[in-house]
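User: Please take a close look at the metal site in this model. Then work outward from it into the surrounding parts.

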Amino acid sequence: MASSFSSFFSRDKTFRKPKKFEQGTTKYNLHKQANASLQSGIDLRSVVKKPPDHDLQDWIAVHVVEFFNRINLIYGTVCEYCTKETCPKMSGGPKYEYQWCDGVDYKKPTALPAQKYTSLLMDWVDAQINNEDIFPVSIEVPFPKTFLPTAKKILTRLFRVFVHVYIHHFDTLVSIGAEAHVNTCYKHYYYFVTEFNLVDRKELEPLKDMTERLCR
Ligand code: ZN
């Protein structure tokens, strides 16, 4: 399973460069642990629980980065099928539409094609997790007060990529054999954000039915 995973999530399909942790640091070891848990087929509901000797914010930080990297790869597998023509809006079916607003270039919520929206979203997440004032690199530097709200916002926004990919590009996932891997990643994400209450239930609504089937 691991080999087919890496072959269809090949490097050239990467939508954004994955963030790497420095080797030898505590954060790096946690990252490896989170990564291994995704591929081993073990009980995802239990692996999201924080080991007692770990700091909660550190635990959240490594998962945020891990989910960013994985969701980025998932979108990379469908992005060539996600064009202005196929997906003129960032939507999850007719009921849900997302508008981009970053307070800088897009001061008001703005409707954008899904690929443009996702590109801005990934750039924004990339900037947050590489901002050492929010995600401190050294374990000696404490997490700032802005960390948790930012982590929640990142996870909330990343969920929208799952929504779009599942609802609009599910056939592509099936045809390239990625469905099982995406489901595993989704389950891991879902168990994690609900374990620590990081995303509003309301935000999770668009995939509610699928989640009930997948994550019960
Ligand atoms: Zn699309």
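Analyst: Donors are N, O and S atoms within 2.8 Å of the metal (3.2 Å for Na, K and Ca); water is not among the atoms, so a site may look incomplete. The model is predicted, so local features need pLDDT of at least 70 and side-chain atom pairs pLDDT 80 or more, while totals for chains, interfaces and linings use all residues. Residues are numbered from 1 along each chain as its sequence is written, and side-chain values use heavy atoms, without hydrogens or water.

Start with the metal. The zinc ion has four protein donors: Cys82 (SG), Cys87 (SG), His164 (NE2) and His169 (NE2). They lie 2.0 to 2.3 Å from the ion. In sequence, the donor residues follow the spacing C-x4-C-x76-H-x4-H. Cysteine 87 sits in the loop between α4 and β1 (90-92), and histidine 169 in the loop between α6 and α7 (170-175), so this pair ties together parts 82 residues apart in sequence. Helices (H or I, at least four residues) and strands (E, at least two) are DSSP runs numbered from the N terminus.

Now the geometry. The site of the zinc ion is tetrahedral, with angles of 103 to 117° among its four donor atoms. That label asks for four donors with all angles between 85 and 135 degrees. The ideal angle for four tetrahedral donors is 109.5 degrees. Are cysteine 87 and histidine 169 buried or exposed? Both are buried. Buried means under 20% relative accessible area, exposed over 50%, and partly exposed in between (1.4 Å probe, protein chains only).

Next, α6, the helix before the histidine 169 loop. α6 has 22 residues. From its first C-alpha to its last it reaches 32 Å, close to the 32 Å expected. The expected span is 1.5 Å times one less than the number of residues. Of the 22 residues of α6, 16 are buried, so the helix is largely enclosed by the rest of the structure.

Phenylalanine 162 shows where the packing goes. Leaving aside neighbours within four places in sequence, its contacts (heavy atoms within 4.5 Å) are Ile71, Ile74, Val182, Cys185, Tyr186, Tyr189 and Leu207. Phe162 also ranks with Phe135, Tyr186 and Tyr189 among the residues with the most contacts inside the largest nonpolar core, which has 61 residues. The elements giving two or more residues to this core are α3 (44-47), α4 (56-78), α5 (114-129), α6 (147-168) and α8 (179-195). Such a core is a set of buried Ala, Val, Leu, Ile, Met, Phe, Trp, Tyr and Cys residues joined through side-chain atoms within 4.5 Å.

Aromatic rings come next. Rings of Phe, Tyr and Trp (its six-membered ring) pair if their centres lie within 6.5 Å; planes under 30 degrees apart are stacked, over 60 edge-to-face, the rest tilted. The count is 16 aromatic pairs. Phenylalanine 135 and phenylalanine 147 are edge-to-face, at 5.1 Å centre to centre with 75° between the planes. Phenylalanine 135 is in the loop between α5 and α6, and phenylalanine 147 is in α6, 12 residues away. Tyrosine 166 and phenylalanine 170 have centres 6.2 Å apart and planes at 25°, so that pair is stacked. Tyrosine 166 is buried at 6% relative accessibility. Phenylalanine 170 is partly exposed at 28%. Both belong to one aromatic cluster, whose members include Phe67, Phe159, Phe162 and Phe196.

Tyrosine 98 reaches α6 from another direction in sequence. Tyrosine 98 lies in strand β2 (residues 96-98) and is buried at 9% relative accessibility. It touches Met90, Tyr117, Arg160, Val163 and Pro206, not counting residues up to four places away. Arginine 160 is 62 residues from tyrosine 98 in sequence, yet 7.9 Å away C-alpha to C-alpha. Tyr117 is one of the buried residues of α5. Those buried α5 residues pack against α4, β1, β2 and α6.

Finally, the whole protein. It has 10 helices and two strands. Buried residues make up 48% of its 216 residues. Among contacts with a separation of 6 or more, 75% join residues 24 or more positions apart.

Key
Four donors count as tetrahedral if all angles lie between 85 and 135 degrees; four count as square planar and six as octahedral if opposite donors are over 155 degrees apart and all others between 65 and 115; anything else is irregular.
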